[in-house]
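Here are a few exercises to work through with the model open in your viewer. Try each task before you read its solution.

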Amino acid sequence: MPPHSDIVKVAIEWPGANAQLIEIDQKKPLSSIIREVCDGWSLSGSEQFALRYADGPQLYITEQSRSEMKNGTILRLAISPARAARQLLDRIQSHGIDARLEALKELAKLSADPTFATEFINMEGIGTLARLVESGTHFGEMLAFTLTAFLELMDHGIVSWDLISLSFIKQIAGYVNQPMVDVSILQRSLAILESMVLNSHSLYHRVAQDITVGQLIGHLQVSNQEIQTYAIALINALFLKAPEDRRQEEHNNPLDQRLTEMASTLAQKHLRSIILNHVIRGNRPIKAEMAHQLYVLQVLTFNLLEERMMTKMDPSDQAQRDIIFELRRIAFDGENDPSGTEKRKAMYTKDYKMLGFTNHVNPAMDFTQTPPGMLALDNMLYLAKLHQDTYIRIVLENSSREDKHECPFGRCAIELTRMLCEILQVGELPNEGCNDYHPMFFTHDRAWEEFFCVCIQLLNKTWKEMRATAEDFNKVMQVVREQITRALAMKPSSLDHLKGKLRGLSYSEILRLRQSERMSQDDFQSPPIIELRERIQPEILELIKQQRLNRLCEGSCFRKLGNRRRQEKFWFCRLSLNHKVLHYGDLDESPQGEVPLELLTDKIPVSDIKSVVTGKDCPHMKEKSALKQNKEVLELAFSVLYDPDENLNFVAPNKYEYCVWTDGLCALLGREMGSDLTRSDLDTLISMEMKLRLLDLENIAIPEAPPPVPKEPSTYNFTYNYG
């Protein structure tokens with residue numbers, strides 16, 4: 001008799017017959033099992049049949065995927081993938097409209113199955129669908145199902161996007177450019193074009209010829225947020241591929257024409273104002289996918305600054321030196337240049353010192369370090385020309401001081417530019433799981449430069465509040481960084497709103513915030529308090545452990561990694577109340593509230609779990625090479641390895657869920673909870689508990705050492721008179 005672990009008890013359905021309850025031996029070939037099932041219903045030709053799941057995505061079961069079957073699974077006997085593919089291929093080419101519509105509807109559903117997709121593609125099915133689209137004879141629901149099936153089949157990555165014909169691209173682009181087109185057709189057309197751009201270098205150029213950002217602007221003005229999301233995603237895809245073209249051709253053409261066109265298009269007021277008014281300030285709340293696409297657009301827009309950020313100044317370039325001369329002229333306009341060369345040189349050196357440059361003789365040398373390179377000089381020139389009064393006030397205010405408290409404008413502007421590049425991650429690719437966009441950057445045509453102008457005024461104000469000298473330069477920059485990051489975390493809706501937030505974050509307020517945040521670390525350092533802390537820590541850790549396990553019992557929804565974010569698939573996992581079993585299963589959509597255990601068909605006994613791995617050690621991170629470069633996904637990935645050699649792979653929706661689940665799983669296995677969240681919770685709870693226990697000792701000095709034992713009394717003849 002086979003070992004218990006090799007036997008799976010399942011139910012198998014067949015239309016018009018009673019279900020069979022059988023025990024499947026996982027060591028037996030799948031074809032033998034199907035033959036036995038067919039014999040049970042007296043069906044001949046078992047090779048024409050296959051097993052599928054009856055619930056969820058209803059995928060076919062193969063030799064590779066059969067290990068995923070669990071006890072209690074309901075299966076369905078169905079025609080084999082090859083037979084189903086042949087029948088559907090014949091039906092979608094039939095003359096009957098109703099029959100063709102039903103076939104395309106079924107094909108759109110089956111195409112998500114990789115086993116079926118392989119068979120259908122091997123029968124030249126994708127070419128057939130492409131010809132149906134190219135013919136232009138399909139409309140409405142029939143065309144929508146055709147495009148859905150095509151996209152699902154292509155997303156399996158079995159065939160290359162480079163095989164797509166030019167006429168097919170033009171037909172899809174035509175649907176996008178039509179003024180009145182069905183929403184489902186438009187949605188799928190935008191998704192197909194996005195996939196073309198992202199997956200094929202040659203198709204990017206073809207799509208870019210037929211689809212311009214200007215043509216996509218109209219789709220941002222509709223009330224359907226799904227269409228808006230697909231449109232911005234296509235804009236991002238076109239924009240994302242443009243720098244790759246430039247990098248490939250940089251030896252021949254240092255400034256790619258397509259990148260220049262995209263930069264100018266994205267910078268234009270028309271697109272920005274439409275996104276601001278119709279998307280960000282629309283009447284509908286921003287969904288997670290739209291927030292992600294806005295974040296991607298923000299990152300890609302800021303990445304246009306990377307070239308200037310990484311460009312060193314050439315001290316011998318007269319045009320670049322003229323910019324520095326212009327900064328000097330604007331600041332000290334009222335002074336005429338002296339006639340002699342030596343006098344002029346001496347005067348320039350004095351002026352450059354007053355401007356706050358480190359190199360007074362040749363300030364061009366200050367811009368030779370990258371980052372920020374020439375980007376710092378661009379910011380300074382923008383301030384000097386567009387906010388001239390502010391620029392002159394900052395320069396003259398500090399150049400006239402003789403008490404060593406002057407704020408060096410040039411040095412500060414260069415360091416501030418570098419800091420802003422780090423905060424906004426200029427030059428880095430977007431993170432897959434990030435939705436951190438800032439509405440205020442969509443409120444101005446020159447948002448980066450205006451942001452710099454606000455921050456340089458903040459720096460000057462903070463310098464004066466700290467009464468800083470040149471030796472305090474790094475301290476001031478640390479305070480300014482904290483002011484900016486705290487203000488950005490409040491998500492100001494406009495630059496004026498940002499100014500208000502920064503006004504509330506003065507140097508004294510930063511000191512107050514720091515002091516309150518450090519209180520738990522600084523207040524209790526005497527030996528008795530340290531000993532009390534050590535005694536309290538085990539019970540606090542147990543409290544945290546119980547909270548993590550309770551959170552696992554509530555469960556969480558996770559997103560399945562796929563090629564397209566907007567057609568996400570979800571699954572849910574939760575721990576049983578007795579902490580002995582992990583239950584999980586697929587969901588059609590993200591749940592609202594708790595998911596009952598009955599809906600989660602799969603389970604893993606906690607006793608079977610060998611270990612929990614994270615990041616690059618996860619099997620699904622090793623499999624998906626494209627994700628290796630995505631730091632965000634790596635930081636949220638973890639896997640449960642269980643008996644015999646199986647794994648359950650997770651990508652947490654955020655850092656909090658990642659910490660809760662990795663802590664909870666480690667607690668189940670009797671291991672230390674080592675997440676950042678545990679350390680933070682531990683510090684917070686210990687601090688609160690100690691303050692509660694020490695309330696009676698407030699304002700009483702706690703000695704460093706225990707008090708001495710008093711001397712023995714001279715006599716022990718104590719009496720008490722109660723009379």
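**Exercise 1.** Find the bridge partner of serine 639 in strand 11, then describe the sheet around this pair.

*Solution.* This is a predicted model, so keep that in mind as you go.
- Step 1: Looking across from serine 639 to strand 11, you arrive at asparagine 649, its bridge partner.
- Step 2: Strand 10 covers residues 637-642, and its pairing with strand 11 is antiparallel, with six bridges.
- Step 3: Now widen the view: the sheet is open, has three strands in the order 9-10-11, and pairs them antiparallel.
- Step 4: Strand 9 (609-614) and strand 11 (646-651) each have a single partner strand, so these edge strands have one side without a neighbour in the sheet.
- Step 5: On average, neighbouring strands here are turned by 15° against each other, with direction ignored.
- Step 6: Finally, add helix 28 (residues 655-668), which packs on the sheet and touches strand 9, strand 10 and strand 11. The direction of helix 28 makes about 20° with that of strand 10.

**Exercise 2.** Which way do the residues of strand 3 point, and are they buried or exposed?

*Solution.*
- Step 1: Strand 3 runs over residues 49-53, and five of its five residues are buried.
- Step 2: Sort them by direction: Phe49, Leu51 and Tyr53 point one way, while Ala50 and Arg52 point the other way. Both groups are buried.
- Step 3: Strand 3 pairs with strand 4 (residues 74-79) in the antiparallel sense, over five bridges.
- Step 4: Follow arginine 52 across to strand 4 and you meet arginine 76 opposite.

**Exercise 3.** Work out why asparagine 303 counts as buried, and list its contacts.

*Solution.*
- Step 1: Locate asparagine 303 in the loop between helix 14 (288-302) and helix 15 (306-309).
- Step 2: Its relative accessibility is 16%, and buried means under 20%, so asparagine 303 counts as buried.
- Step 3: Leaving out residues up to four places away in sequence, asparagine 303 touches Gln425, Val426, Gly427 and Glu428.

**Exercise 4.** Which residues touch the most other members of the largest nonpolar core?

*Solution.*
- Step 1: Among the 83 residues of this core, the answer is Leu129 and Met196.
- Step 2: Domain 2 (160-285) and domain 3 (309-518) each supply at least three residues to the core.
- Step 3: Take methionine 196: beyond four places in sequence, its contacts are Trp161, Ile164, Phe168, Ile169, Leu203 and Val207.
- Step 4: Apart from this core lies another, of 69 residues, including Phe302, Ala331, Phe451 and Val479.

How values were computed. Residues are numbered from 1 along each chain as its sequence is written. This is a predicted model: local features need pLDDT of at least 70, side-chain atom pairs count only at pLDDT 80 or more; totals for chains, interfaces and linings use all residues. Side-chain values use heavy atoms; hydrogens and water are left out. Helices (H or I, at least four residues) and strands (E, at least two) are DSSP runs, numbered from the N terminus. Buried means under 20% relative accessible area, exposed over 50%, partly exposed in between (1.4 Å probe, protein chains only). Contact means heavy atoms within 4.5 Å. Two strands pair if DSSP finds at least two bridges between them. Axes are lines fitted to C-alpha atoms, for helices over the stretch in contact, and angles run from 0 to 180 degrees between N-to-C directions. A nonpolar core is a set of buried Ala, Val, Leu, Ile, Met, Phe, Trp, Tyr and Cys residues joined through side-chain atoms within 4.5 Å. Domain bounds come from an automatic or database domain assignment.
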